[in-house]
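Work through the exercises below with the sequence and the model side by side. Try each task before reading its solution.

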Amino acid sequence: MKSVILAAGTGNRLKPITDKIPKCLVEIGGKTLLSWQIDSLTKGGVCEINIVTGYKSDEIKKLRETKIKNMYHNQDYLSTNMVKSLLSAQELFDTDLIISYSDIIYSSGIVSKLLECKHDNAIIVDLDWYKLWSQRFNNPLDDAETLTFDRNFNLIDIGKKPKDIKDIMAQYIGLMKFNTITLNLIKRLNLERKINDNYFMTDLISLFLKKDINIKVIPIRRGWLEIDSKSDLLKYRKELDNQNKQDIFKIFN
């Protein structure tokens, strides 16, 4: 299966680290986020890795990363969001596709779970998200989003501001799989102007739910990290030092 990494954003919350590099080239545990992702996607069974760039795209081009097949570019990265970046790579929509945010790292086992599931459309969700959020934020609910699903793991709701911890059965990590029918629906919705340029992926997934498109959740218990801010990075690096860099995916388990 093919994959695409959405790496167009400016990474403002990681400044000044991202003054000269895109977020995906920030380093942790001796490797860039992009290197972590490429390794996990490859080991997890993905046959082709693509990337959508935007901010500081030349820095990614300099890498000459042989495992990246195609580089697409969202030239409107300053005024648009992730769905626009995904549409920049719409020539990939002729096959099922794994889509990844660029500010997360995850184990190859999580990739394998997504590849091996038989569902047309699926998102990875972390049941133990609170362990990580409670270390990252003074009030975990400030940054968390609603996510609920039924007993058959069908997604019911996602992406709203939670009023209570009970509104969050798990946290979406930013790694998903859509089949070609769903991907081409994105193109049609865009042409019909039912998707705006500022759509986040959770906005798109919510729109799918309104159109009765089934999205399955694939539950995990940790094994991943989000690096969204300088504070995140410093906390993770400190914890890695405490662990003597034994296993980056066991941070705050």
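The exercises concern one strand and its sheet in this predicted model.

**Exercise 1.** Determine whether the residues of β4 (residues 48-53) are buried or exposed.

Solution. Take one face of the strand at a time. On one side lie Glu48, Asn50 and Val52, and these are buried. On the other side lie Ile49, Ile51 and Thr53, which are buried too. Buried here means under 20% relative accessible area. The count for β4 is therefore six of six residues, with both faces covered.

**Exercise 2.** Find the strands that pair with β4, and state the sense of each pairing.

Solution. Begin with β1 (residues 2-7): β1 and β4 are parallel and share six bridges. Within this pair, Ser3 stands opposite Ile49, and Val4 stands opposite Asn50. Next take β5 (residues 68-73), which is joined to β4 by five bridges and also runs parallel. There, Thr53 has His73 as its bridge partner. Finally, follow the chain from β4 to β5: the path goes through helix α2 (residues 57-63), and this β-α-β crossover is right-handed.

**Exercise 3.** Place β4 in the strand order of the sheet, then locate a helix that packs on this sheet.

Solution. The sheet is open, has seven strands and reads β5-β4-β1-β6-β11-β8-β12, with mixed pairing. Its edges are β5 and β12 (216-220), each paired on one side only. From one strand to the next, the twist averages 25°. Helix α6 (residues 180-191) packs on the sheet, where it touches β6 (97-101) and β11 (171-178). The directions of α6 and β11 make an angle of about 100°.

Methods:
Residues numbered from 1 in each chain as written. Predicted model: local features only at pLDDT ≥ 70, side-chain atom pairs only at ≥ 80, totals over all residues. Heavy atoms only, no water. Buried < 20%, exposed > 50% of the residue type's maximum accessible area, 1.4 Å probe, protein only. Helix = DSSP H or I, 4+ residues; strand = E, 2+ residues; numbered from the N terminus. Pairing = 2+ DSSP bridges. Right-handed = clockwise from strand over helix to strand, strands pointing away. Axes fitted to C-alpha atoms, helices over the stretch in contact; angles between N-to-C directions. Contact = heavy atoms within 4.5 Å.
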